[in-house]
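Q: I should like to learn how to read the features of a structural model, beginning with its pockets. May we work through one case together?

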Amino acid sequence: MKKIFFAVFLMISAFSVVSCTTPTESTTTTLVQVQNAQVVNGIFQCDDVDGYSDFEITINSGTMENSYLITQDFNLNYLLDNGDYTATVRAVKLENGSITEAGEEATLTFGIDASLKTNTLTESNLNNDAYVRYMGRTMYDDTSKSTHIYYTGAGFEVGFYGTSVTATFVSTNTSNLSKQPYIMIFVDGNLNPTEGTTMFLFAETVTWELASNLEEGYHTVTVVKRSESTDNLISLSSVTTDGSFATPPAAKSLSIQYIGASTMTGYGNMASGPSVSKTTENSNGMLAYTSLAAYYLGADYSIVAASGWGLTRGWNTGGVVDEVRN
């Protein structure tokens, strides 16, 4: 009797093992398709696709076929030359710039009438909000054909389709070790002040590669002045990319105006101790409470401040109230 029970047990066990390893029947997933895709005056538009915010558009012009990752309202005038195009578009999901999921392709045709395509921003294009978004108080100078960036936290943003972007700056006090200009660079919307790249401008004219070796696609670069107004003046004279400039990032919904003195500019806030003299190297305006508050609030901001410029008195008045100068 025990032998019969053991044999039955083995048969049941074997059946259980086979049942657990038998593959289940696959299910079919219906792929989404972009609806009502069109390009109006160069701007890509379509119906919202649930769960998708990115699209891959493949352009066919007879002589070339290129694919681009774009979003709703992307302006293709920045990428394409004048002409008529046939394209396919599909909704995609991305991870680290690579497509992990894609829907079915839809076809569209369109024309580009007035191309904005350029890989170099100088002179009038440098002063054109179609390509550059300036932050804080800046001023385009017709004489030098450059944009002056004076106050702490002032700067610019560009959007581009490509892998790298370079800028040329003209600055003052570059040979004065205590007043050399410092900037911070942020890529693809990461504005964390502890993760930005810091550079100092060591010569009157300097060309820096702001970003490089990026995945081919749409990127943004943000550059802000880290040092304060009275130490140096930075001017932007050109920006170039290996691809094409595209729509710059949109302004934030919240903006903050700061007016004050040294606490707003990061006066000596990176110095090793109170006896260490203030320099632009040990002063980081991006770690002052002004910039940090704006970062945590997701806000744009403008700082009008310099060390010693008190509300009623300052170093320039010998600490005495002066209603005229302050």
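A: Certainly; please bear in mind that this is a predicted model. As a starting point, strand 17 provides the largest share of the lining of the second largest pocket, three residues.

Q: How is such a space found, and how much of it lies in the second largest pocket?

A: Rolling a probe the size of a water molecule over the atoms shows where empty space is left. In this model, the second largest pocket holds about 250 Å³ of space. Its lining comprises 14 residues, and those closest to the centre are Asp54, Leu69, Leu94, Gly97 and Tyr218. Strand 4 (65–70), strand 5 and strand 17 are the elements that each give two or more residues to this lining. By class, the lining has five nonpolar, five polar and four charged residues.

Q: Which residues lie nearest the centre of the largest pocket?

A: They are Met135, Leu191, Ala299, Asp300 and Tyr301, from a lining of 22 residues. About 360 Å³ of space lies in this largest pocket. Strand 9 (132–135), strand 17 (217–225), strand 20, helix 4 and strand 21 each contribute two or more residues to the lining. The lining of the largest pocket divides into eleven nonpolar, seven polar and four charged residues.

Q: Helix 4 appears in that list. Which of the residues in helix 4 are buried?

A: An α-helix has 3.6 residues a turn, so residues three or four places apart point the same way. In helix 4, the buried residues are Thr290, Ser291 and Ala294. Seen down the axis of helix 4, these buried residues fall within an arc of 95°, so they line one face of the helix. The cover over them includes strand 20 (255–260), helix 3 and strand 21 (300–305).

Q: What does alanine 294 touch beyond its neighbours in sequence?

A: Not counting residues up to four places away in sequence, alanine 294 touches Ile256, Tyr258, Ala299 and Tyr301. Alanine 294 is buried because its relative accessible area is 1%, under the 20% cut-off.

Q: Which residues touch the most other members of the largest nonpolar core?

A: In soluble globular proteins, nonpolar side chains tend to be buried together. Here the largest nonpolar core has 55 residues, and Phe110, Phe156 and Phe169 touch the most other members. Strand 5 (residues 83–95) supplies the largest share of this core, five residues. Another core, of twelve residues, lies apart from it and includes Met184, Val224, Met286 and Ala299.

Technical notes: Residues are numbered from 1 along each chain as its sequence is written. This is a predicted model: local features need pLDDT of at least 70, side-chain atom pairs count only at pLDDT 80 or more; totals for chains, interfaces and linings use all residues. Side-chain values use heavy atoms; hydrogens and water are left out. A nonpolar core is a set of buried Ala, Val, Leu, Ile, Met, Phe, Trp, Tyr and Cys residues joined through side-chain atoms within 4.5 Å. Buried means under 20% relative accessible area, exposed over 50%, partly exposed in between (1.4 Å probe, protein chains only). Helices (H or I, at least four residues) and strands (E, at least two) are DSSP runs, numbered from the N terminus. Contact means heavy atoms within 4.5 Å. The arc is that of the directions from the helix axis to the C-beta atoms. On a 1 Å grid over the protein atoms alone, a cavity is a set of points where a 1.4 Å probe fits but cannot get out, and a pocket is an open set with protein on both sides within 12 Å along at least five of seven lines; lining residues have an atom within 4 Å of a point. Grid points are joined across faces, edges and corners, and a volume is the space filled by probe spheres set on the points. Ala, Val, Leu, Ile, Met, Phe, Trp, Tyr, Cys and Pro count as nonpolar, Asp, Glu, Lys and Arg as charged, and the others, Gly among them, as polar.
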